[in-house]
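Trainee: Could you take me through one part of this model closely, namely the charged side chains and the partners they meet? I would like a connected account rather than a list.

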Amino acid sequence: MRHDRLRIALLLGATLVTAGCGDPSAAARPEPTGLTGGWSTAGCELHREPMTMTAGGHTMPVTPPKLDAAMARIDSGGRAKYAHSYAGIEVDQEQVRAIVYRVPSAKFDKFIRNSAEDTCIVVRDAPHGLAELTAWHDRIVADLAMWAQRGVQIFTVGARHDGTGVEIGTPDVELARRELPTMYGKEVPLVIVERGPVTPLAPSTMPQAPQPGG
């Protein structure tokens with residue numbers, strides 16, 4: 001009898017292991033969520049000296065090459081492989097660090113750690129990823145002529161790098177705030193600001209972090 005019970009226990013154990021290895025629902029499980037509330041890489045614990053350059057008699061901060069390279073790796077990989085999580089990045093030259101905004105994702109967090117090496121990367125939560133915001137950006141740009149016919153002049157459209165939404169610049173702010181949610185839905189992350197026609201300028205490579213007191 002004892003041997004029979006032992007045999008049954010072994011068979012049950014084998015069955016459970018087999019079911020776990022071949023579980024067809026495993027692929028459908030959601031990706032593990034990363035840390036929420038923000039975190040920093042180990043490089044933030046190291047001493048960091050700001051770099052500067054002098055041009056035309058003015059001294060200004062610059063991004064150290066190692067930090068610049070880490071930012072480029074994170075931005076490139078975020079756009080190519082993790083666009084549902086990655087929202088954007090900015091540089092804080094005074095504190096020699098970069099700030100990454102992302103929808104919490106364990107896989108992307110691991111990628112950030114590996115890409116940072118010994119540089120300081122501060123990771124903050126974002127409500128929306130780049131893939132979602134880009135889709136809405138493209139939809140609104142495709143509708144620009146229609147909005148002009150309806151009396152809403154839209155001069156700028158851009159996904160905010162902190163993932164808060166798609167920023168729409170228009171002189172017709174009140175009309176836009178009434179009409180656009182009617183068309184796209186009240187849950188769509190639109191940030192409507194007052195803005196007139198702009199002269200395009202060469203874009204900077206990375207957004208700058210706000211400086212203290214600014």
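Mentor: Asp143 counts as buried, because its relative accessibility is 16%, and in this predicted model its side chain meets that of Arg139 in a salt bridge with 3.4 Å from N to O. Arg139, at 37% relative accessibility, counts as partly exposed, so this salt bridge pairs a partly exposed Arg139 with a buried Asp143.

Arg139 falls within the residue range of helix α4, which runs over residues 130-142. The helix has 13 residues and spans 18 Å from its first C-alpha to its last, close to the 18 Å expected at 1.5 Å a residue. Leu130, Leu133 and Ile140 are buried in α4, and they lie on the same side of the helix because the arc they cover around the axis is only 95°.

A buried acid with a salt bridge is also found at Glu167, whose relative accessible area is 17%. The side chain of Glu167 meets that of Arg160 in a salt bridge of 2.8 Å, N to O, and Arg160 counts as partly exposed at 28% relative accessibility. Glu167 also forms a salt bridge with Arg195, where the closest N and O atoms are 3.1 Å apart. Since Glu167 lies in strand β8 (residues 166-170) and Arg195 in the segment after β9 (190-194), this pair ties together parts that are 28 residues apart in sequence. Arg195 is likewise partly exposed, with a relative accessibility of 33%. Elsewhere, Arg102, Asp109 and Asp125 are joined into one network by salt bridges that share partners, and the count of salt bridges comes to 11.

Glu90, in strand β4 (residues 86-92), deserves a separate word. Glu90 is buried yet has no salt bridge, since a salt bridge requires a nitrogen within 4 Å of a carboxyl oxygen, and the nearest side chain of opposite charge, that of Arg124, is 4.8 Å away. What the side chain of Glu90 does make is a polar contact with the side chain of Tyr101, at 3.3 Å.

To set beside these side-chain pairs, here is one example of strand pairing. Strand β2 (residues 51-55) and strand β3 (residues 58-62) pair in the antiparallel sense over 5 bridges, with Thr54 standing opposite Thr59 of β3. The two strands form a hairpin with 2 residues between them, and Gly56 in the turn has a positive phi of about 60°.

Conventions: Residues are numbered from 1 along each chain as its sequence is written. This is a predicted model: local features need pLDDT of at least 70, side-chain atom pairs count only at pLDDT 80 or more; totals for chains, interfaces and linings use all residues. Side-chain values use heavy atoms; hydrogens and water are left out. Helices (H or I, at least four residues) and strands (E, at least two) are DSSP runs, numbered from the N terminus. Buried means under 20% relative accessible area, exposed over 50%, partly exposed in between (1.4 Å probe, protein chains only). Lys and Arg count as positive and Asp and Glu as negative; His and the chain ends are not counted. A polar contact is a pair of N or O atoms within 3.5 Å; within protein, one must be able to donate a hydrogen and the other to accept it, and residues adjacent in sequence count only if both atoms are side-chain atoms. Two strands pair if DSSP finds at least two bridges between them. The expected span of a helix is 1.5 Å times one less than its number of residues. The arc is that of the directions from the helix axis to the C-beta atoms.
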